[in-house]
Amino acid sequence: MTNPWSPTTFIVSVTGTAPSARGAMGWAFDKASRTLWLFGGTTLSGNSFGDLWKFEVATGAWTQVTEPGGPSARMLTATVWDSAKQRLLVLHGLEGGMFTSDEFFAFDPGADGGWSEQTLSNRPTTRSGSSFLGDMLPLCLFGGADNFG
């Protein structure tokens, strides 16, 4: 029996300009297209980003995606690739290092896509630092903290 948790190492030659150094960013992986999506994050000095990047494993290329109407700069978002609808979901997060956001956005990378704010009839309480578990529907959100910890 093979160990499903054994580490795997692969090397990818990276092309293009990569995102600047950051932490606390949201990221998700689209297994079908082998594309890593990265949103937001923060520098060590606390400056937040509101940018979106994609990394295509097959080509090793980073590309900044510039579409208007997306979330404001933030860190500690819950981010997941919705494989059923082929879109990136970004929920909540911490704006300005101080306030949790109640926003929920979807990014559709298709030709007619772009950012759109989503409404939910049964939205989880506002938080930052939470995680989606998997990419299956219904989505399951775990953990996080509100403005008071």
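**Exercise 1.** Find the salt-bridge partner of arginine 74 whose closest N and O atoms are 2.3 Å apart, and locate both residues along the chain.

*Solution.* Arginine 74 forms this salt bridge with glutamate 103, where a salt bridge is a side-chain nitrogen of Lys or Arg within 4 Å of a carboxyl oxygen of Asp or Glu. Arginine 74 lies in the loop between S4 and S5, whereas glutamate 103 lies in the loop between strand S8 (99-100) and strand S9 (104-108), so that the pair links distant parts of the chain, 29 residues apart; strands here are DSSP runs of E with at least two residues, numbered from the N terminus. This is a predicted model, in which local features need pLDDT of at least 70 and side-chain atom pairs count only at pLDDT 80 or more, while totals for chains, interfaces and linings use all residues. Residues are numbered from 1 along each chain as its sequence is written, and side-chain values use heavy atoms, with hydrogens and water left out.

**Exercise 2.** Extend the pair to a network, and classify arginine 74 as buried or exposed.

*Solution.* Arginine 74 also forms a salt bridge with glutamate 95, with the closest N and O atoms 3.1 Å apart. Arg74, Glu95 and Glu103 are thereby linked in a network of salt bridges. Arginine 74 counts as buried because its relative accessibility is 1%, the classes being buried under 20% relative accessible area, exposed over 50% and partly exposed in between (1.4 Å probe, protein chains only). Glutamate 95 is partly exposed, with a relative accessible area of 25%, and glutamate 103 is partly exposed at 25%.

Methods: Helices (H or I, at least four residues) and strands (E, at least two) are DSSP runs, numbered from the N terminus.
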